[in-house]
Amino acid sequence: MSAALELTPIGEAACCPPLTKQPITAQQAASVAPMLKALADPVRLRLLSLVAAHEDGEACVCNLNDAFDLSQPTISHHLKVLHGAGLLDRDKRGTWVYYRVRREALAGLGTLLGGAV
């Protein structure tokens, strides 16, 4: 496998070349699919947007509850899925967990999909 096709860790800018430039490998597709699957849920997509747009770029469940007609445990579950997919970082402060968007992961997805016009 050439160096251009190797996976870049999620924490870095891009995992894959744009889809329109060259096909991604099975390994690359397997690493990107959980992020896309997490974003395919409307609640999670909206949560990611709310966290990213929140003051200082971070939010806790207490900041997000009012935006949904969902219980706090359900919102926490969706945030956990986004974190597990590598789209959010989290930091526990007292009893609350604060989430921040992993901009590097979004940049990687943007690079992957950016050429798909």
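1. A good place to start is the interior. In this predicted model, the largest nonpolar core holds 24 residues. Within that core, the residues with the most contacts are L47, L48, V51, L79, L82, L87 and L88. If you are finding your way around the structure, these seven names are handy landmarks to highlight.

2. Next, where does the core draw its residues from? The elements that supply two or more residues to the core are α1, α2 (42-53), α3 (61-64), α4 (72-84), β3 (96-101) and α5. Of these, α1 gives the most, contributing four residues.

3. V51 is a nice residue to click on, as one of those with the most contacts inside the core. Setting aside neighbours within four places in sequence, V51 is in contact with G57, E58, A59, L64, L79, L88, Y99, R100 and V101. L79 and L88 in that list are also among the core residues with the most contacts.

4. Now for the overall layout. The chain contains five helices and three strands. Reading from the N terminus, the elements follow the order α-α-β-α-α-β-β-α. Of the 117 residues in the chain, 31% are buried. Taking contacts with a separation of 6 or more, 54% of them are between residues 24 or more positions apart.

5. Have a look at how helix α1 (residues 26-39) meets helix α5 (residues 103-114). The two pack at an angle of about 100°, and their axes lie 11 Å apart. Angles from 65 to 115 degrees count as roughly perpendicular, so α1 is roughly perpendicular to α5.

6. Which residues make the contact between these two helices? From α1 come V32, M35, L36 and L39, and from α5 come A105, L109, L112 and L113. Sorted by type, the residues of this contact are eight nonpolar, no polar and no charged.

7. Finally, the cysteines deserve a moment. The count of disulfides comes to one. C60 and C62 form it, with their sulfur atoms 2.1 Å apart. Are its two ends buried or exposed? C60 has a relative accessible area of 0%, and buried means under 20%, so C60 is buried. C62, at 35% relative accessibility, counts as partly exposed, because that value falls between the 20% limit for buried and the 50% limit for exposed. When you view this pair, it may help to show the surface along with the sticks.

Note on methods
Residues are numbered from 1 along each chain as its sequence is written. This is a predicted model: local features need pLDDT of at least 70, side-chain atom pairs count only at pLDDT 80 or more; totals for chains, interfaces and linings use all residues. Side-chain values use heavy atoms; hydrogens and water are left out. Axes are lines fitted to C-alpha atoms, for helices over the stretch in contact, and angles run from 0 to 180 degrees between N-to-C directions. Angles under 35 degrees count as roughly parallel, over 145 as roughly antiparallel, 65 to 115 as roughly perpendicular and the rest as oblique. Contact means heavy atoms within 4.5 Å. Ala, Val, Leu, Ile, Met, Phe, Trp, Tyr, Cys and Pro count as nonpolar, Asp, Glu, Lys and Arg as charged, and the others, Gly among them, as polar. A nonpolar core is a set of buried Ala, Val, Leu, Ile, Met, Phe, Trp, Tyr and Cys residues joined through side-chain atoms within 4.5 Å. Buried means under 20% relative accessible area, exposed over 50%, partly exposed in between (1.4 Å probe, protein chains only). A disulfide is a pair of cysteine sulfur atoms within 2.5 Å.
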